[in-house]
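Here is a short report on one protein chain. Look over the sequence and the fold before reading on.

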Amino acid sequence: MRLNSGDFNGDGRDDVAVWYDYADGRDALWTFTANVRGGFNTPFTSWTSPTGNWTAARDKQVTGDFNGDGRDDLAVFHGYSDGSNKIFTFLSAPTGGFNYPTGSWTSTSWGSWDRTTVHAGDFDGDGRDDIAAWYDYADGHDSIYVFPSSPTGTFSSTTEAWTTPAGNMWRNHMSIVIGDYNGDGLDDFGALYGYDDGRVKAWTWSAQSGRTFAKPVSSWGVTSGFSFARAHVVERYDS
């Protein structure tokens, strides 16, 4: 099971979506809608894939309102065995279930699916959530790419929003969390960074106009008494 949360039926309460990968090769999306007590109603299933039609182990899932209709949706960054990558969007229905996925952005030259981490947020302030990918290059440099969403909830392009030369950031030393940290209406990147000498520091990449991110700024930090390996950042929606 893969769990995600979001307001999938637009009633103002966040729900839980469960992607279930069955042993017989089927995959299905289940929704637990929230009730007024903060509990959950009996789950129901909406989309189901035929046996052997989907490989959930090659999915990176994020939730957000990608078409701006007031209901959160599910997007999947899928990596194929031939090295190509594609984004699928599962738009939510008024019931909180999900419609059949729509494929959009596709690339045969993106690079390694394994070196990509995927995040959701409204990075350009247009009222629709977008997808951002942190890419950890084999030569040691790192970049953030933004995939802007469309009114249909699909993605057709990507732009490099920030990059750093080799040796400055190591993705396996970072825990990333998205949020609007300066209150300007644009979602930003935040991260805890664990250094080899035991230090831990917080960094912020503020979103700017043109779907770019400012040079990261460090803030809170400790030199001892706080273990990065024992720290877990909490995303708004994703497990």
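The text below covers the whole chain and then three residues.

**Overall form**

This is a predicted model. The secondary structure has 18 strands and zero helices. The C-alpha atoms fill a box of roughly 50 × 45 × 35 Å along the principal axes. Does the radius of gyration agree or disagree with that of a compact globule? It agrees: a compact globule of 239 residues would have a value near 18 Å, and the protein has 18 Å.

Of the 239 residues, 49% count as buried. Among contacts with a separation of 6 or more, 43% join residues 24 or more positions apart.

**Surface and charge**

The protein exposes about 11,200 Å². Carbon and sulfur atoms supply 51% of that area. The chain carries 17 positive and 31 negative charges. Their mean positions lie 4 Å apart.

**Three residues**

The table gives the place and relative accessibility of each residue.

| Residue | Place | Relative accessibility |
|---|---|---|
| Gln-61 | strand E5 (residues 59–64) | 8% |
| Gly-79 | strand E6 (residues 73–79) | 1% |
| Arg-211 | loop between strand E16 (207–208) and strand E17 (212–213) | 31% |

Start with Gln-61. This residue sits in strand E5. Why does Gln-61 count as buried? Its relative accessible area is 8%, and buried means under 20%. What does the side chain of Gln-61 make a polar contact with? The partner is the side chain of Asn-4, at 3.0 Å.

Gly-79 belongs to strand E6, which spans residues 73–79. Gly-79 counts as buried because its relative accessibility is 1%. Which residues does Gly-79 touch, leaving aside those up to four places away in sequence? They are Arg-58, Ser-84, Asn-85 and Trp-113. Thr-55 is 24 residues from Gly-79 in sequence. In space, the two C-alpha atoms are 9.1 Å apart.

Arg-211 lies in a loop, between strand E16 and strand E17. At 31% relative accessibility, Arg-211 counts as partly exposed. That class lies between the cut-offs of 20% and 50%. The backbone of Arg-211 deserves a look too. Its phi is near 55°, a positive value in a residue other than glycine. Most residues other than glycine have a negative phi.

**In brief**

The predicted model has 18 strands and zero helices. Gln-61 is buried, and Gly-79 is buried, whereas Arg-211 is partly exposed.

Conventions
Residues numbered from 1 in each chain as written. Predicted model: local features only at pLDDT ≥ 70, side-chain atom pairs only at ≥ 80, totals over all residues. Heavy atoms only, no water. Helix = DSSP H or I, 4+ residues; strand = E, 2+ residues; numbered from the N terminus. Buried < 20%, exposed > 50% of the residue type's maximum accessible area, 1.4 Å probe, protein only. Polar contact = N/O pair within 3.5 Å; in protein donor to acceptor, adjacent residues only side chain to side chain. Rg over C-alpha atoms; globule rule 2.2 N^0.38 Å. Contact = heavy atoms within 4.5 Å. Areas by Shrake-Rupley, 256 points an atom, 1.4 Å probe, with all protein chains shown as cover. Lys, Arg positive; Asp, Glu negative; His and termini not counted. Charge placed at Lys NZ, Arg CZ, Asp CG, Glu CD.
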